[in-house]
Amino acid sequence: MSIDLEQFHQVFFEESLENLDVVEQALVEINIDAEVDSEVINSIFRAAHSIKGGSGTFGFTEVTEFTHLMETLLDEVRDGDRELTSELVDALLKSCDCLRVWFDSLQAKQPLDTEISKPLVAIYEAMLNGDGGDSADKTEDKAVVAEDEATSETSKNRTWLIEFIPESNVLMTGNEPIRLFRQLEQMGEFKATANIASIPDINLLTADECYLSWSIELTTESDKDDIAEVFEWVIDECKLTITEKSSEASATEAKAVDTRAEVEEKPAEAETKNKPEATPQVKPAVAEKKAPAAAPATSSIRVGIDKVDNLINLVGELVITQSMLSELGNNFDMDKIERLSSGLDQLLQNTKELQENVMRIRMLPISFAFNRFPRMIRDLSVKIGKKVDLQINGETTELDKTVMEKISDPLVHLVRNAIDHGIESAEDRIAAGKPEEGTIKLDAFHKGGNIVIEIVDDGKGIDAAVIASKAVEKGVVSDTTGMTDQQIFELIFEPGFSTAESVSDISGRGVGMDVVRRNIKALGGRIEIESEKGKGSVFRVHLPLTLAILDGQLIRVGKEVYIIPLIAIVESLQIKPELVKNVSGNMKVYRLREDNVPIIAMNKEFGIETDDAGLDDRLLVVVEGDGCKVGLLVDDLLAQQQVVIKSLEANYKRINGISGATILGDGSVAMIIDIPGLINMSARRLPTDGQHAA
């Protein structure tokens, strides 16, 4: 029987990428100058070991051989025979990059670029051969002694006799012996003899069972543990004996290796046995969500069992409520009104809880986005010669998976700019009376039904005068006279704006911050800046928790109902006619404390008739979008509620000023206002007509 292991590939890729995250995070946190926690080294070793084992099982030879070198060096570090140096840490981090590229290629079913691994292989081989200069004298001495010893396990070939007796159900667990043999073939001279004594009469054969066992002779430089690792994936489904041919007379060497016993004796190694989910209960789920090669990153999501249990419980409650209502429907009379009302209340509660729990399925801790930054900051700090300490808080704050994927790149731009433009050089910081090491803080927290992400640095801050000068020089604005510092700060998000003196691969092309604001706006969010010259800056990103549901304010304009996203609303107020002034272009503005807020008459924008065209008894909803604050003139404020977003463009066509639609409780359709789009649409009309006269 042949098992198609391709159906398990996606699970292997996902687990391998998670293991690379573990390796990367642990390496970044290591302080070479201090004693390294042995458990950190063990965690790195286990992660590399799991990648190696899984790639061997699936026949990814290049990955297996490359990770074997990593694992060998890590094993020496773990055993105290090699010091963990900065050179080795750098090589291991670059190896993570190499493996990520390879996994992308494997998922897309493209050939691997083995050229990118050759420099790293050369470094590893030099270290293993004692030519890397990165080991302590003690380690070098041990290597010399080991080389002189005739019993060195890696200095000559040895012949091993292997008795492999799989259990009859080994094929049903997705483990095909021939794949193990292919891996053994790569280790040296391989010869296998099949034992057919257990094959029953043909009428008693079962296609899913294995009746063969094998006697194997392997001549290789590898040691006993390396050979045993090949069989790690069938460790619970076989009996295995490994003896050295030259030592068969020795009772200790001829001793059979009971794999189950070894696992009990070596709990640390048992933890590395992360099988690629190749079990009967996982196979159907993997087959159902087999991802297209073009988009492997979005193919699946890991869900905690507690979330699944909650859903199952809620579905059970819904079934009970449905049964109760169905029973009431039979021979219904007025005496059952109270029970019907109670049942409907219960149905409402169950539905609400079910909705919340279903939305939680897509929620992931923002650590998935934050985890890339320790490595990035480490590399950039070394590259530009700055000392930066990264502090991360709120990494358990949950965010919708789709929002998470789309916010990652904007966050990268913001952090890179904080390092390049915000944090000063060590010399400048000391001269300014600051510690030579700069600090960047990443924080995430919930606020008002939304998530807020802050990027804080203690650098030189933003100089409003420099921004204003550059903006005029580059033609972003013609004049900055009268602009507040906050308005000047917003200019850094304009296309083509940059204060960098020279273009580098870090910044200076004037595209990053423009992309940041555009992507955040596309998510229904906004970004704001706080900065003090010489003290530092705060970039604060406000995002919806999910793109499927939003908290909205229902408003009435004439007889129509619209929805304004709550995240865009600054405040709502009753209009005082004496605070309304006419300005050029017949535009009206409302004096709101220190600001003059332009008024957009919703009835004029959407061509809706209202009973009263005046300002008396009308309301102003002050909203913010694209860094602009405007007041929407409406007839009434209705309820606030969560609404399910339906794409108008997918179901009808794109409408300027409208971001989507939803269905209200009475079955009517309400449009969701696109605040930035409405502002831009209104601004284009102002010079030519008096549309905004209320």
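These exercises, each with a worked solution, explore a predicted model of one protein chain.

**Exercise 1. Get an overview of the chain.**
How many helices and strands are there in the chain, and what share of its residues count as buried?

*Solution.*
Step 1. Start with the elements. The chain holds 23 helices and 22 strands.
Step 2. Turn to burial. The chain has 694 residues, and 43% of them count as buried.
Step 3. Look at the surface. The accessible area of the chain is about 35700 Å². Carbon and sulfur atoms account for 50% of that area.
Step 4. Check the contacts. Take those in the chain with a separation of 6 or more. Residues 24 or more positions apart make up 70% of them.

**Exercise 2. Classify two aromatic pairs.**
Are the rings of phenylalanine 12 and phenylalanine 58 stacked, tilted or edge-to-face? Do the same for phenylalanine 181 and tryptophan 214.

*Solution.*
Step 1. Know what to read off. A pair of aromatic rings is described by the distance of the centres and the angle of the planes. The whole structure contains 16 aromatic pairs.
Step 2. Take phenylalanine 12 and phenylalanine 58. Their ring centres are 5.2 Å apart and their planes meet at 50 degrees, so this pair is tilted.
Step 3. Place both residues. Phenylalanine 12 belongs to helix H1 (residues 9-29), and phenylalanine 58 to the loop between helix H2 (38-57) and helix H3 (61-78). The pair therefore ties together parts that are 46 residues apart in sequence.
Step 4. Check burial. The cut-off for buried is under 20% relative accessible area. Phenylalanine 12 has 3% relative accessibility, so it counts as buried. Phenylalanine 58 has 5%, so it is buried too.
Step 5. Take phenylalanine 181 and tryptophan 214. Their ring centres are 5.1 Å apart and their planes are at 75 degrees, so the pair is edge-to-face.
Step 6. Place this pair. Phenylalanine 181 is in helix H7 (residues 177-185), and tryptophan 214 is in strand S3 (residues 213-220). They are 33 residues apart and link distant parts of the chain. Both residues are buried.

**Exercise 3. Explore the surroundings of phenylalanine 58.**
Which residues form one aromatic cluster with Phe58, and how far apart in space are phenylalanine 8 and phenylalanine 58?

*Solution.*
Step 1. List the cluster. Phe58 is joined by Phe12, Phe13, Phe60 and Phe103.
Step 2. Find phenylalanine 8. It sits in the segment before H1. Its relative accessibility is 1%, so phenylalanine 8 counts as buried.
Step 3. Compare sequence and space. Phenylalanine 8 and phenylalanine 58 are 50 residues apart in sequence, yet 9.0 Å apart from C-alpha to C-alpha.

**Exercise 4. Describe helix H15.**
How many residues does H15 have, and what do its buried residues pack against?

*Solution.*
Step 1. Take the length. H15 (residues 373-384) has twelve residues. From first C-alpha to last it spans 16 Å, close to the expected 16 Å.
Step 2. Pick out the buried residues. They are Phe373, Arg375, Met376, Ile377, Leu380 and Ser381.
Step 3. Name their partners. These residues pack against H1, helix H4 (86-107), helix H14 (367-370), strand S6 (388-392), helix H16 (401-422) and strand S8 (438-447).
Step 4. See what comes next. Glycine 385 follows H15, with a positive phi near 70 degrees.

**Exercise 5. Find the nonpolar cores.**
Which residues have the most contacts inside the largest nonpolar core, and which helix gives the most to this core?

*Solution.*
Step 1. Go to the largest core. It has 47 residues, and Ile453 and Phe539 have the most contacts inside it.
Step 2. Find the main contributor. H16 gives the most, with nine residues.
Step 3. Look around isoleucine 453. Leaving out residues up to four places away in sequence, its contacts include Ile366, Phe370, Leu411 and Phe539.
Step 4. Find another core. It lies apart and has 40 residues, including Ile51, Phe58, Leu93 and Cys98.

**Exercise 6. Study two positive phi values.**
Where are lysine 109 and arginine 593, and are they buried or exposed?

*Solution.*
Step 1. Recall the background. Most residues other than glycine have a negative phi.
Step 2. Take lysine 109. Its phi is positive, near 60 degrees. Lysine 109 is in the loop between H4 and helix H5 (118-128). At 66% relative accessibility, lysine 109 is exposed.
Step 3. Take arginine 593. Its phi is positive, about 55 degrees. Arginine 593 is in the loop between strand S16 (587-592) and strand S17 (595-601). Its relative accessible area is 57%, so arginine 593 is exposed.

Technical notes
Residues are numbered from 1 along each chain as its sequence is written. This is a predicted model: local features need pLDDT of at least 70, side-chain atom pairs count only at pLDDT 80 or more; totals for chains, interfaces and linings use all residues. Side-chain values use heavy atoms; hydrogens and water are left out. Rings of Phe, Tyr and Trp (its six-membered ring) pair if their centres lie within 6.5 Å; planes under 30 degrees apart count as stacked, over 60 as edge-to-face and the rest as tilted. Helices (H or I, at least four residues) and strands (E, at least two) are DSSP runs, numbered from the N terminus. Buried means under 20% relative accessible area, exposed over 50%, partly exposed in between (1.4 Å probe, protein chains only). The expected span of a helix is 1.5 Å times one less than its number of residues. Contact means heavy atoms within 4.5 Å. A nonpolar core is a set of buried Ala, Val, Leu, Ile, Met, Phe, Trp, Tyr and Cys residues joined through side-chain atoms within 4.5 Å. Accessible areas come from the Shrake-Rupley method with a 1.4 Å probe; for residues, only the protein chains shown count as cover.
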